[in-house]
Structures are given as structure tokens and as C-alpha cells.
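Welcome, and please open your viewer. We will go from one selection to the next, and at each stop I will tell you what is there.

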Amino acid sequence: MTAGPVGIIMGSSSDWETMRHASDTLNALGIKHEKKVVSAHRTPQRLYDYASSAKERGLKVIIAGAGGAAHLPGMAASMTSLPVLGVPIESQALKGMDSLLSIVQMPAGVPVGTLAIGKAGAINAALLAAAILATSDDALAAKLEAWREQQTGSVVEAPE
Ligand code: RP5
């Protein structure tokens, strides 16, 4: 079984600096989740085992972060019908444009919901996962509404 309805996977432990923002956001909403390093090219068997068993283990949404030739989200999506949300990690050489285009340009038939490059994408992936889960969880829907109201309330009217 899983630690919760959301699985966060990333291509390298170096991606955690970005993906921890997805984890922090899920924690803020009280959503249990698991976190794993799963590389599409360095640990292909681990990816196969993870994605092909995700649904039967009880996951509802997968958030996948990867950088460079970022095939992890697309490969995960090819092996599960669960929604897969892709987070392009900001790469050194190309500032994450490589990651973004690798993740967003999925050919028709196997979708990956692609978020922004880096921290914003990681946070939004968690919020989108929460919104997906909230369609069948009224308590979570209320928490998400409250989170957004708090965000609205925190915006100052003018810069200090
Ligand atoms: C990708 O290669 C990972 O997702 C990471 O963003 C990138 C670099 O990985 P490391 O060389 O830091 O392990 O697979």
C-alpha cells in the first residue's frame, strides 16, 4: 500500500530541492503522500515497477519532476491511467527549457499535465493534485477553498 493518495517521484535526489515544495504544499493541505527517486534512464526497472503498480497500490495522482531530457513523467504516464502531473526541473545548461519541452510535448494519446518550470510548478502540481482529489472529497475541497482565501487575504494593497 501507499503512504497516501499522491505519489511524488523525481529523476534524481538533486530534484528534491524543487520537489520539496510540492511536498510542503501537500503537507499544508493535510494530504498524505509518498516520495521516491525514480529515474527513467538510470533505474528503468524501478520506474516500471512503480508506475505499473501505482493504481493497485492506491495512488490517485502522480507528480513527476525531472530535468534535462525529462522523460520520467511521460514514461510514467505510459504505464498508468492515473493522472500524471509533470514538473520541469530548472536545468543548469538550458534553464529548464529542455525539461519543459520534453514534458509538455507529449504526442496525442498519453497526456501529462505540465506545470511551470521549478518551484512554481512544484507548488502548483500539489495544488492541482489537491483539486483533483477534492472532486470526490468535500473536506479537502473546503480546505482548498480556505487555503485560497488565506492566500487572497495575504496580498497587500500596495508595496511597503
Ligand atoms: C534528470 O537529470 C533528473 O531529473 C535531474 O533533474 C537531472 C540531473 O540529475 P543528476 O545528475 O543531478 O543526478 O534525470
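Start by selecting Leu85 and Gly113: Leu85 stands opposite Gly113, which belongs to strand E5. Strands (E, at least two residues) and helices (H or I, at least four residues) are DSSP runs, numbered from the N terminus. Before going further, note that this is a predicted model, in which local features need pLDDT of at least 70 and side-chain atom pairs count only at pLDDT 80 or more, while totals for chains, interfaces and linings use all residues. Residues are numbered from 1 along each chain as its sequence is written.

**The sheet**

Now colour the strands. Five of them form an open sheet in the order E2-E1-E3-E4-E5, with parallel pairing; two strands pair if DSSP finds at least two bridges between them. At the edges lie E2 and E5 (113-114), each pairing on one side only. Leu85, where we began, brings us to the pairing of E4 (residues 84-88) with E5, which run parallel and are joined by two bridges.

Step across to E3 and E4, which pair in the parallel sense over five bridges; select Gly65 to find its bridge partner Val87 in E4. Five bridges also join E1 to E3, again running parallel, and here Ile8 has Ile63 in E3 as its bridge partner. Finally, E1 and E2 pair in the parallel sense over five bridges, with His33 in E2 as the bridge partner of Val6.

**Two covered strands**

Is E1 mostly covered or mostly open? Five of its five residues are buried, meaning that 20 or more other C-beta atoms, placed from the backbone, lie within 10 Å of a residue's own (12 or fewer is exposed, and in between is partly exposed). In a regular strand the side chains alternate between the two faces of the sheet. Select Val6, Ile8 and Met10 for one side of E1, then Gly7 and Ile9 for the other: all are buried. E3 (residues 61-66) is mostly covered too, with six of its six residues buried. Its faces hold Val61, Ile63 and Gly65 on one side and Ile62, Ala64 and Ala66 on the other.

**Helix H2**

Next, select Leu47, Tyr50 and Ala51, the buried residues of H2. They cover an arc of only 85 degrees around the axis, so they sit on the same side of H2; the arc is that of the directions from the helix axis to the C-beta atoms. These buried residues pack against E1, E2 and helix H3 (72-78).

**The annotated site**

Last, select Ser12, Asp15 and Arg42, which UniProt lists for "binding site" in an unreviewed entry. They are spread over 31 residues of sequence yet cluster in space, with a largest C-alpha distance of 14.5 Å. UniProt positions use the numbering used here, feature names are shortened, and annotations may be inferred rather than shown by experiment.

Zoom in on Asp15, in the loop between E1 (6-10) and helix H1 (16-28). Asp15 counts as buried because it has 25 C-beta neighbours inside 10 Å. Leaving aside neighbours within four places in sequence, Asp15 is in contact with Met10, Gly65, Ala66, Gly67 and Ile89 (contact: C-beta atoms, placed from the backbone, within 7 Å).

Then move to Arg42, in the loop between E2 (33-37) and H2 (44-53). Arg42 is exposed, with 11 other C-beta atoms within 10 Å.

Key
Contact = placed C-beta atoms within 7 Å.
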